[in-house]
Amino acid sequence: MRLRGVEILHIAMPLVGAFRTSFGTEAVRETLLLRAVTDEAEGWGECGASEAPLYSGEYTLGAADVLRRHLIPALSGLPDLDGHRVAPALSRFKENRLAKAALETAILDADLRGRGESLSHALGAVRTSVPSGVSVGIADSIPELLDTVEGYLDDGYLRIKLKIEPGWDLEPVRAVRERFGDIMLQVDANAAYERADIDHLLALDAFALSLVEQPLPMDDLLGHAALARRLATPICLDESILSARAAATAIELGACRIVNIKAGRVGGYLESRRIHDVCAAHGVPVWCGGMLETGIGRAANVALAALPGFTLPGDTSASERYFDEDLTEPFRLVDGHLEVPTGPGIGVAPDPDRLARYTVAREWVPVS
Ligand code: OSB
Ligand code: MG
């Protein structure tokens, strides 16, 4: 397969409700879609970056810049390009995993479409549908939070994840546990606490949570290990796990018992599978995280979540939890599950009219 070029589409998709975490509030998904054009097929990838570098150091315009200036040109002149050759061709460029993942996914999608194979099959999926949870942002008040959670439980979500931060933790968690009883419940701090908060975090053990996600800074694996020695609730890492090597290190240090896998954060679906394999070898359950993706990114996430080690419900929610109108056919929740696409590649494509409506800029980056 030979790459002809990549179109970078800048999109702006209003969210049905602003999503608030410890690091900021997002009301519009301002991100990139990539359309890889090869001599065999076209492929799509979605970038996990947001307008500002709050989750990681990457942000949408920065991702577009590194893609056009460095990453896409590095794929020129490769006569036998396929999904597996992207990461080695980009490896001399440091970091920029969200941008690399989007590019690798677009090439992988084109490659698989050309061969008529689904991404789920290529990754080694064993399920035809995946159990879904939902990530609930920080609310203005506890009554408002309880209404939101009730709505999601009525929709059929199989587990609830509450975003927490100092000042919004024990009370909201207690209120949700008391009101809804024995639901599967977990929390995500997005690194909002410090080691000095460990005694405070121990109070979370009272609420029978499935896990506490990324309580401490991303580079504090030893802090997570120290917390893990005292906290009965399993620690799950998100931001800290940037690669299969990082996953192996975190597990060996006792910094986590569960891993959230997000393809963007780790540089792509192929590295995600390696993390899955490392975790499986250690008996560490994994689940699929999300970055408020459109149907393009969601399709690929759902394929990943169908692998055997994904034994916990992921942040793979239905399209309507994010958008009034998705770019693809909407993903729908059926008995708490999303169906895994079966068509070639990621198995979905953007609807041209809706794509045009939400595209704010596009640029063609040719390769020779
Ligand atoms: O920490 O999991 C996170 C969204 C943006 C950035 C970080 C995170 C999240 C979510 C949303 O929790 C998950 C989803 O896509 O539904
Ligand atoms: Mg998280």
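Let me start with helices α9 and α11, which are roughly parallel to each other, because their axes cross at roughly 25 degrees and angles under 35 degrees count as roughly parallel. I should say at once that this is a predicted model, so please hear everything that follows as a description of computed coordinates.

In terms of residue ranges, α9 covers residues 244–253 and α11 covers residues 269–281, and the two axes come within 8 Å. The crossing of this pair is right-handed. On the α9 side the contact is made by A244, A247, A248 and I251, while α11 contributes E271, R274, I275, V278 and C279. Sorted by class, that contact has seven nonpolar and two charged residues, with no polar ones.

The second helix pair I want to show is α5, residues 142–155, with α6, residues 170–180, whose axes come within 10 Å and cross at roughly 45 degrees. That angle makes α5 oblique to α6, and the crossing here is right-handed. The residues making the contact are I142, L145, L146, V149, E150 and L153 from α5, and from α6 they are E171, P172, A175, V176, R179 and F180. By class, the contact of α5 with α6 comes to nine nonpolar residues and three charged ones, and it has no polar residues.

Now to the ligand. Which residues come nearest to ligand 1? There are 16 residues around ligand 1, and of these the nearest are S135, D188, N190, L292 and Y322. Y322 is worth a second look, as a polar side-chain atom of Y322 lies 2.6 Å from an oxygen atom of ligand 1. Two further side chains can be described in the same terms: D238 has a polar side-chain atom 3.1 Å from an oxygen atom of ligand 1, and for K262 the distance from a polar side-chain atom to an oxygen atom of ligand 1 is 3.1 Å.

Definitions and conventions: Residues are numbered from 1 along each chain as its sequence is written. Chains are lettered from A and ligands numbered from 1 in the order in which they are written. This is a predicted model: local features need pLDDT of at least 70, side-chain atom pairs count only at pLDDT 80 or more; totals for chains, interfaces and linings use all residues. Side-chain values use heavy atoms; hydrogens and water are left out. Axes are lines fitted to C-alpha atoms, for helices over the stretch in contact, and angles run from 0 to 180 degrees between N-to-C directions. Helices (H or I, at least four residues) and strands (E, at least two) are DSSP runs, numbered from the N terminus. Angles under 35 degrees count as roughly parallel, over 145 as roughly antiparallel, 65 to 115 as roughly perpendicular and the rest as oblique. A crossing is left-handed if the near helix is turned anticlockwise from the far one by less than a right angle, and right-handed if clockwise. Contact means heavy atoms within 4.5 Å. Ala, Val, Leu, Ile, Met, Phe, Trp, Tyr, Cys and Pro count as nonpolar, Asp, Glu, Lys and Arg as charged, and the others, Gly among them, as polar. A residue is near a molecule or strand if one of its heavy atoms lies within 4 Å of it. A polar contact is a pair of N or O atoms within 3.5 Å; within protein, one must be able to donate a hydrogen and the other to accept it, and residues adjacent in sequence count only if both atoms are side-chain atoms.
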